[in-house]
Amino acid sequence: MRLVLVGTSHHRAPVELREQLFVSAGDNSELVGRLAGADAEAVVLSTCNRTELYLVHGDEEAAQARAHAQLTAMAELSESEIAPVLYTVMDGAAALHLFRVSAGLDSMIPGEAQILGQVRSAYELAQEAGTTGPLLHRVFRQALRVGRRVRTETAIGENPASISSAAAELAERVFGSLEGRRILILGAGKMSDLATVNLISRGVDSVFVANRSVDRAERLARRFGGRAAGLEAVEEELERADVVVASTSSRGYVLSAEQVERAMRRRKGRPIFFVDIAVPRDIDPAVNGIEGCYLYDVDDLERVVEESVAGRREEAVRAEAIVAEEADRFRDWQLSLDVVPAIASLRALAESIREDELARAEGRLGSLSPSQRRAVESLTAQIVNKLLHPPTVRMKEAAAAADGVLYADAIRHLFALDDADTPRVKGK
Amino acid sequence: MELAALLFWPALAGYAEAAIAYVGDTVRPGRLSRFAIWGVRFGWLAQTALLIAEAVRANGFPWATWAGSLNLFVWLVVGAYLIWGCRSPFRLLGLAVMPLAVALFAVAWVAGGAGSQRRGEVGDVFLAFHVGFVLAALAGFTLAAGLAGLYLWQERRLKRRAPGVLRQRAPSQEALDCLTARTIAFSLPALTVGLAIGLARLVVDGGGFDALMAVAIVVWVAYAGFLWLRHEAGWRGRRTAYLALAGLALVLASLVPVSHF
């Protein structure tokens, strides 16, 4: 059986085409069913950056044709139009690709965390649809393990890759956990919204929105279960807030250093973290000079993100080594499949001989006590196991070196394993 | 080679390896901190064995000399560091603690305090407890100063908006601030008990009030003042970090010279 991957990603396809090829969770089960048919295994991995069809089939060309037909239909393009953006890889190379995807090495931002969950979902959807078999089970489980290993053993996913997550991590560097912290939002635009979502996902539980238009402030506050007021309430609220996110469209500073200094005196030294993502800026830069105040504007945050992404790229080198190691392991396992039937037949033969010989000796063993009988059973089983252990290991080793088929044929020939009608070698 | 040397050199090697690895980890975060913490653990275990061997050989309390005290002090500082240092965000503290530990441990050895078979000048129980408690307190103050230094270093990076500020794993500012205060809060009672034992001994032996005692009380007042300012006046962050550093500077500039020279 061959593992075949046909797909496209952000490396080759423009966003318009990726949108066409996107498969929602609802459609995924139906698509894997069509791909698997009665004779194949299938998993469909579809995210905003990639759509990849993983098939296991005895005939690689048939698998490719099936995948191409589905993708062509989804894109509503001709075969010749879609072919240039598709890639096809097989067996070890397909596994290596999936491991890289799972590790976040093929993502736009190296080490991004979402992809691991998306690989898991794709696998689970295929499992529910009943289109996975031994090979896809193995490769997807290993891919999930690779993803976890890379994130544990390297720092590829540790630093933020977006402005909002950088702001949240910097706030954590000041306060530790953000659980139970208070956030004050100045302005009710989209940027405040993004930053607030990130902070809330990290435990911030009290939101106060201040805006020129109280209506808009109330709308945003309702989304996060918070309170709202006009900008005149800011100074009073500063006394309680831990994080301030500013993104109003005001032309001048909304928050002056004097206002913050007054608030800091009332706060008795409790620190406060300011995120100013407005252009022009909302918060007087002099605020950063006040003891206990940390102020980051959008340029500062972008520099932090750039540095962080550069760090991720350095870690990606270490991650690639882990992925290559796991791909080798998969390749060894796949090659060992060539000798597995021969090993299984050999073991079945040996076991049947053992059982037959014990049955033949039944008359002479009749006088044995149950414990003595168990000892004889155990002894004979151990002899069989010890005899078969070296050839089993050697055949698996040979399989990894690509000689497995030769060894398997030799075993089949020497022990007459191919002859289905060959009576088990009864004691002659 | 005598047993002391057999234990001293591995301990020093462990500490030195850790100090170098911490420097390397600062340059390239994340790679070497694991080696560093294992160096600390190994060195500390070897030093523990060294202290036990010393105690057995001297049949009592062999750290009454200043070099011996230094040896015990290093062990206490590194031991206190290990309480937090095993957690990855706190490993950076090793950058402040381990080079100091290496230097002081080497000085203790050269001065005969890490391998001396000589019994201390006074080997009584009073002295053992007095020195033990005072050294434990000083180890705590040293660690608190390290935490305060880390707080100021990170504050500077945050204030300067260093692009790589998140690449270096470090505890949060609040955690550092809180731990500095907590370490001093644990160390001050140890100093109090140590001083009380010293005073009791003075009364029993009929000794007079000397410069050492006066300096020790000044140190006690300074750290008590730190705790009062923090809890009653609401001092936090940079100000308390500077106070913790000033406290250690006071110890180094007055208590240590007065007690040993």
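This passage describes the contact between chain A and chain B, then helix H5 of chain A and the loop after it.

The model is predicted; local features need pLDDT of at least 70, side-chain atom pairs count only at pLDDT 80 or more, and totals for chains, interfaces and linings use all residues. Residues are numbered from 1 along each chain as its sequence is written, chains are lettered from A in the order in which they are written, and side-chain values use heavy atoms, with hydrogens and water left out.

Chain A brings 32 residues to the contact and chain B brings 26 residues. Contact here means heavy atoms within 4.5 Å. The two chains bury about 2600 Å² between them. Carbon and sulfur atoms give 44% of that area. Buried area is the accessible area (1.4 Å probe) that two parts lose on being put together, summed over both. On the chain A side, Arg173(A), Glu291(A) and Tyr294(A) lose the most area to chain B. Together they account for 30% of what that side buries.

Three salt bridges link chain A and chain B. A salt bridge requires a side-chain nitrogen of Lys or Arg within 4 Å of a carboxyl oxygen of Asp or Glu. Arg239(B) forms one with Glu291(A), with 3.7 Å between the closest N and O atoms. Polar contacts join 14 residue pairs across the two chains, both residues at pLDDT 80 or more. A polar contact is a pair of N or O atoms within 3.5 Å; within protein, one must be able to donate a hydrogen and the other to accept it, and residues adjacent in sequence count only if both atoms are side-chain atoms.

Helix H8 (163-175), strand S10 (293-297) and helix H13 (298-336) of chain A each supply at least two residues of the side that touches chain B. Helices (H or I, at least four residues) and strands (E, at least two) are DSSP runs, numbered from the N terminus. H13(A) gives the most, with eight residues.

Helix H5 of chain A covers residues 91-102. Its buried residues include Ala94(A), Leu98(A), Phe99(A) and Val101(A). Buried means under 20% relative accessible area, exposed over 50%, partly exposed in between (1.4 Å probe, protein chains only). Gly104(A) follows H5(A) and has a positive phi, near 80 degrees.

Ser107(A) lies in the loop between H5 and helix H6 (114-129) of chain A. Ser107(A) counts as buried because its relative accessibility is 10%. Its side chain makes a polar contact of 3.4 Å with that of Glu112(A). Leaving aside neighbours within four places in sequence, Ser107(A) is in contact with His10(A), Arg50(A), Glu112(A) and Ile115(A).

How values were computed. Expected span 1.5 Å × (residues − 1).
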